[in-house]
Amino acid sequence: MKSDIIIIDFGSQVTQLIARRVREAGVYCEIMPYHDATLARLAADTAVKGIILSGGPASVADGGPNLPAEFWQTPLPLLGICYGQQLMAHSLGGRVESSPGREFGRASVRVVADSPLLQGVWQQGQDYTVWMSHGDKVTAIPPGFQLVAQSDAAPIALMANENAKRYGVQFHPEVVHTPDGDRLIRNFLFRIAGCQPDWQMANYKDEAIAKLRAQIGSEKVVCGISGGVDSAVTAALLHQAVGDQLHCFFVDNGLLRHNEAAEVMQMLVEQAKLPVEIVDASELFLGRLDGVVEPEEKRKIIGATFIEVFEQACLKFGAAGSIKFLAQGTLYPDVIESVSASGGPSATIKSHHNVGGLPERLRFELVEPLRLLFKDEVRVLGRELGLPASLLGRHPFPGPGLAIRLPGGISREKLALLRAADHEYISALREAGYYDKIWQAFAVLLPVKTVGVMGDGRTYDYACALRAVTSTDGMTADVFPFPPEFLVQLATRIINKVPGINRVTYDITSKPPGTIEWE
Ligand code: XMP
């Protein structure tokens, strides 16, 4: 895809949200790490109409990430956000100063001049709410720029050089806490950079299919199915592109949910007519996980065993060397996170996603047709491809499965308890109409037994935790606000239906500071 907008990443945790806002506006964009952003590279993509410079944790005053001096010769419209604004000021002759304290949270800005960036959104002389997160601030605007908005802690909250179409904002228009932020970004896209809102999934699908055909030719492709949306959409896209040259394996690792293998096969094979073969390797996985407690070790064992099982399955399907491609449902957030793990700027929190990790001997070439899409875009693509709504609406489920919802040792007994509790929970959500309002919900079996009382007897059983979060991409999450009566009924239901669990808790931690999964 040709990008209309390039976002240069200086490592902010919310850089991806800039890309989300731009794509939601119907404009295709990609994120580029700052060290790749040379003028030559930007000029090579003739479609680019504007550049957004992200925020970042560093300080320009302390030699933070920079752009080559020639970059500033670009004739393209620029929007610098937070660190991006500071770098713009620093590089173009303004001044940036470190402040002793950080300003973090909601703030009010006063508009002191008109600008096309504000047209139809903010008016001169009025105050507006924005989200700030910065230590340094611009204290002198560069030549050619004028002051457009100010706040108490950031005297230059918004600066503009209208002739050169360059804008710098100290606040974060990409986060929802800046209520008008998406409209300001749209002004940059449509009024200033001259973009058109013409990016549509149907076009993306046709382009992706054509590209896959060109890449794969008459070779064979294998694809691992996880039961989740990403691998199913990957498989469906490939099936439309290369038909019978595709073969999919669904590995049952013994860590699936209640009745999951049968349900997934029903949806993919019966309904979507995809060529999926199930491989039951549960004994092997559970045997290797016996006695393992440390979460990263669990992940490593599961990852390595999966590759082994997958390799065996491939050898059965086609002799070594006869399958050229492996398809994976890698998404854009994984790509951006892995770029950072290998030297890009965004700080990596956990090494958990599914990029790479293939042994050399498999010698597959990777096909990753979703690597430029966000999760909700993948769902839209799935609809375009005609996948069943029940499949596309499934909550995300991690590759290591129930292993990362069982802190402590894994046993068949604990897996059975977790499956039963999770099944009751998810059934209750569906019955009450909550399932589709929630990004992800699941039960966790805690590695702790406590005393309870049931009927006339004392119990000494496991506790489980319930998690339900809203999110747009899993990067941040808020706790789903169930009515208390619902939670109370749920606890009763789980304890009555699942002997072995005598206590139910609800996790009220957002992400950050928590993660979504418990491991
Ligand atoms: P955390 O727990 O890091 O999870 O807040 C964020 C999202 O990622 C999912 N997740 C995974 N997905 N393979 C996956 O395909 C994994 O190893 C993995 N670990 C976490 C998690 O379910 C949530 O949606």
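User: In this predicted model, which residues of helix 13 and helix 14 meet, and what makes that a contact?

Analyst: On the helix 13 side the residues are A421, E424, Y425, S427, A428, L429 and E431, and in helix 14 they meet F486, L490, R493, I494 and K497. The word contact is used because heavy atoms lie within 4.5 Å. By residue class, this contact divides into 7 nonpolar, 1 polar and 4 charged.

User: Why are helix 13 and helix 14 called oblique to each other?

Analyst: Their axes come within 9 Å and cross at roughly 140°. Angles over 145 degrees count as roughly antiparallel and those from 65 to 115 as roughly perpendicular, so an angle that falls in neither range, and is not under 35, is oblique. Helix 13 and helix 14 are therefore oblique to each other, and their crossing is right-handed.

User: What makes helix 6 oblique to helix 11?

Analyst: Helix 6, residues 229–242, packs against helix 11, residues 375–384, at an angle of about 45°, with the axes 10 Å apart. An angle under 35 degrees would count as roughly parallel and one from 65 to 115 as roughly perpendicular, so the value for this pair leaves the remaining class, and that makes helix 6 oblique to helix 11. Helix 6 passes helix 11 in a left-handed crossing, and the contact is made by V229, D230, V233 and L237 of helix 6 together with K375, V378, R379, L381 and G382 of helix 11. Those residues divide into 5 nonpolar, 1 polar and 3 charged.

User: How do you know whether R394 is buried or exposed, and which residues is R394 in contact with?

Analyst: R394 is placed in the loop between helix 12 (389–392) and helix 13 (412–431). The relative accessible area of R394 is 9%, and because buried means under 20%, R394 is buried. Leaving aside neighbours within four places in sequence, the contacts of R394 include V229 and R379, and V229 of helix 6 and R379 of helix 11 also take part in the contact between those two helices. Among the other contacts of R394 are G227, G228, R257, E260, E263, V264, M267 and Y435.

User: Why is V276 called buried, and what does V276 touch?

Analyst: V276 is found in strand 14, and its relative accessible area is 12%. Since the limit for buried is under 20%, V276 is buried. Not counting residues up to four places away in sequence, V276 touches I225, C248, F250, M265, L268 and V269. The C-alpha atoms of V276 and F249 are separated by 5.5 Å, although these residues are 27 residues apart along the chain.

User: What makes helix 3 mostly covered?

Analyst: Of the 9 residues in helix 3 (residues 83–91), 7 are buried. The buried residues of helix 3 are Y83, G84, Q85, Q86, L87, M88 and A89. Just after helix 3, G93 takes a positive phi of about 105°.

User: Why are K165 and K273 placed in separate exposure classes?

Analyst: K165 has a relative accessible area of 35%, and because partly exposed covers the values between 20% and 50%, K165 is partly exposed. K273, at 58% relative accessibility, counts as exposed, since exposed means over 50%. K165 lies in the loop between strand 10 (158–161) and strand 11 (166–169), whereas K273 lies in the loop between helix 7 (260–271) and strand 14 (276–280). Phi of K165 is positive, about 55°, although K165 is not a glycine, and K273 has a phi near 60°, a positive value in a residue other than glycine. Most residues other than glycine have a negative phi.

User: How do you know that D244 is exposed?

Analyst: The relative accessible area of D244 is 74%, and exposed means over 50%, so D244 is exposed. D244 lies in the loop between helix 6 and strand 13 (246–252). The C-alpha atoms of D244 and P275 are separated by 7.8 Å, while the residues are 31 residues apart along the chain.

Technical notes:
Residues numbered from 1 in each chain as written. Predicted model: local features only at pLDDT ≥ 70, side-chain atom pairs only at ≥ 80, totals over all residues. Heavy atoms only, no water. Axes fitted to C-alpha atoms, helices over the stretch in contact; angles between N-to-C directions. Helix = DSSP H or I, 4+ residues; strand = E, 2+ residues; numbered from the N terminus. Left-handed = near helix turned anticlockwise from the far one by under 90°. Nonpolar A, V, L, I, M, F, W, Y, C, P; charged D, E, K, R; others polar. Buried < 20%, exposed > 50% of the residue type's maximum accessible area, 1.4 Å probe, protein only.
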